[in-house]
Each structure stands twice: as structure tokens, then as C-alpha cells.
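Dear colleague,

I am passing on the structure we spoke about, and you will find it directly below. My notes on what came out of it follow, in the order in which I would suggest reading them.

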Amino acid sequence: VARAVLTQIYKSLENDMDQKAGGEFLQAVQSAESCTACDTLILGDRNSITTISRVAELAIDSGDFMGVLNRLQAVNQEEIDTLEPKVRKELLIQKGQEGNDDYELDKTELTTAIIETLKDDEMYRTRLFARLEQDVPEFFQAFLKERDYLMSESILREFEKRPEEVKTIVGVVGLAHVPGMERHFKSVFANQPAPLVQDIATVSSV
């Protein structure tokens, strides 16, 4: 059920944007494979089925399986609804149609603009992630915190294998993972306790 719901969310997004979700990562892999200066390509993320199973596990453990899925959909929709009027107004201004209530924007164009605004608006992203962590901790744990840790450690392991040879590492990750991974790297290189390790250990012990 969890896989079906999450797959539907991605499919809906793909249809609205008229492009395949995750296409940028496929492009990154293809670019790395064709790059003569690249030595090693690492697929450092967790298998998507494992991640979805992990969400289901945490949702079941919460005692409110369907509630977790419903809250996830509700938070995403509420935040998009909050952002849409601003994006819609900006598009209408660009098209010289401000104030024209009869002008219909292309749905694909509007959805794409909303996603691009999300990428550029750090304050909005911060609020969205804070809401997800508070309202849907099961999703936030499995999709963000655990994967932040796993991808960070994949990069660190490769670096530690050949510290004298590895000069540059290029990581391609979703924007949502940057803050957590950045905090993890800073803590590790400063020889301080890694917050992601502590977070995951806390949840695992509950």
C-alpha cells in the first residue's frame, strides 16, 4: 500500500511536469560514465524498494499506518497550495496577464514553476522540511535522515579507501538531502559526534 501511494505521488508529479521524476540522476550517471576524467562511479543511495519498505515499517510501528500516508499527502498539498498563488501571479505578470481572471495557465508550466520556486526559495524549503519532520516523522526518517546518512557514508568510504588518490568528489543528490549531508560531513571532518548517527540510533532504539 505504501509503495502504491508513493508511486502514485511520483506519477502524478511526472504527469503534471511532463517529465520523468529522477531524470536528472539518470543524466548524472550517463555524464559520469562518459567522463574520461572520472575514475569511479558510485551509486550510493539505498534501493527505493528498501526505502519504501522502511517507511511502511515505521508507519506500522506508529500504530497509524494509513494516517502516516494521509498526513504525508496533506502536508505536501497544503504547502503547494500555499505557494501556488505566488507562483501563479508571477507567471501572469510575465505573460502580461496580471489581473485577467479568465486567463488559464498551462498546468504543466504552473507545476514546473512551483517546483523551481521550491528549489530557489530556501525559507519555503526549510518550512516544508520542518513540517514533514514534525507531522510525518516516519517519512522524514526513512526518506531523508537515513538516506542522508547512507549517501554520506558511501562518499566517505570511497575517500578513505584512497585518501592520497582521490582529489575531487562530485556528489549528485536531491536538494532535500543537502542540509543533512552537509551537517554530517562537517561533524565527521571536525571529529565531532555526527547528528545523523544519533538521530538514527534514537529512532532504532524506540
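In this protein, residues 24 or more positions apart account for 71% of the contacts with a separation of 6 or more. Please bear in mind throughout that this is a predicted model. The protein has nine helices and zero strands, and of its 206 residues 32% count as buried. The accessible surface comes to about 13200 Å², of which 52% belongs to carbon and sulfur atoms.

Helix H7 is a convenient place to begin. Ala 142 lies in this helix and is buried, with a relative accessible area of 0%. Leaving aside neighbours within four places in sequence, Ala 142 is in contact with Arg 46, Thr 51, Arg 54, Val 55, Leu 58 and Arg 147; the C-alpha atoms of Ala 142 and Val 55 are separated by 5.6 Å, although the two residues are 87 residues apart along the chain. Phe 139 is likewise found in helix H7 and counts as buried at 13% relative accessibility, and its C-alpha is 8.1 Å from that of Leu 58, with the two positions 81 residues apart in sequence.

The structure holds 16 salt bridges, of which I describe a few. The side chains of Arg 71 and Glu 138 meet in one, at 3.3 Å from N to O, and this pair links distant parts of the chain, with Arg 71 in helix H4 (residues 65-94) and Glu 138 in helix H7, 67 residues apart. Arg 71 counts as partly exposed at 28% relative accessibility, whereas Glu 138 is buried, with a relative accessible area of 11%. Within helix H7 itself, Lys 161 forms a salt bridge with Glu 158, the closest N and O atoms being 3.8 Å apart, and the two residues are three residues apart, about one turn of the helix. Here too the partners differ in cover, since Lys 161 is exposed at 62% relative accessible area and Glu 158 counts as buried at 13%.

A further salt bridge joins Lys 95 and Glu 109, with the closest N and O atoms 3.1 Å apart; Lys 95 is in the loop between H4 and helix H5 (107-120), and Glu 109 is in helix H5. Lys 95 is partly exposed, with a relative accessible area of 33%, and Glu 109 is partly exposed at 31%. In addition, Glu 78, Glu 79, Arg 127, Arg 131 and Asp 135 are linked in a network of salt bridges.

Helix H8 has 12 residues and reaches 16 Å from its first C-alpha to its last, close to the 16 Å expected at 1.5 Å a residue. Its buried residues are Gly 180, Met 181, His 184, Phe 185 and Ser 187; seen down the helix axis they fall within an arc of 165°, so they line one face of H8. The face turned away from that buried side carries the exposed residues Lys 186 and Phe 189. Asn 191 follows H8, in the loop between H8 and helix H9 (195-205), and has a phi near 55°, a positive value in a residue other than glycine. Asn 191 is exposed, with a relative accessible area of 74%.

Lastly, Phe 25, Val 170 and Val 172 make a nonpolar surface patch of about 280 Å². Val 172 sits in the loop between helix H7 (137-161) and helix H8 (178-189), and is partly exposed at 46% relative accessible area.

With best wishes

Conventions: Residues are numbered from 1 along each chain as its sequence is written. This is a predicted model: local features need pLDDT of at least 70, side-chain atom pairs count only at pLDDT 80 or more; totals for chains, interfaces and linings use all residues. Side-chain values use heavy atoms; hydrogens and water are left out. Patches are made of residues with over 30% relative accessible area and no salt bridge: like charges are joined within 9 Å, nonpolar side chains (Val, Leu, Ile, Met, Phe, Trp, Tyr) within 5 Å. Accessible areas come from the Shrake-Rupley method with a 1.4 Å probe; for residues, only the protein chains shown count as cover. A salt bridge is a side-chain nitrogen of Lys or Arg within 4 Å of a carboxyl oxygen of Asp or Glu. Helices (H or I, at least four residues) and strands (E, at least two) are DSSP runs, numbered from the N terminus. Buried means under 20% relative accessible area, exposed over 50%, partly exposed in between (1.4 Å probe, protein chains only). Contact means heavy atoms within 4.5 Å. The expected span of a helix is 1.5 Å times one less than its number of residues. The arc is that of the directions from the helix axis to the C-beta atoms.
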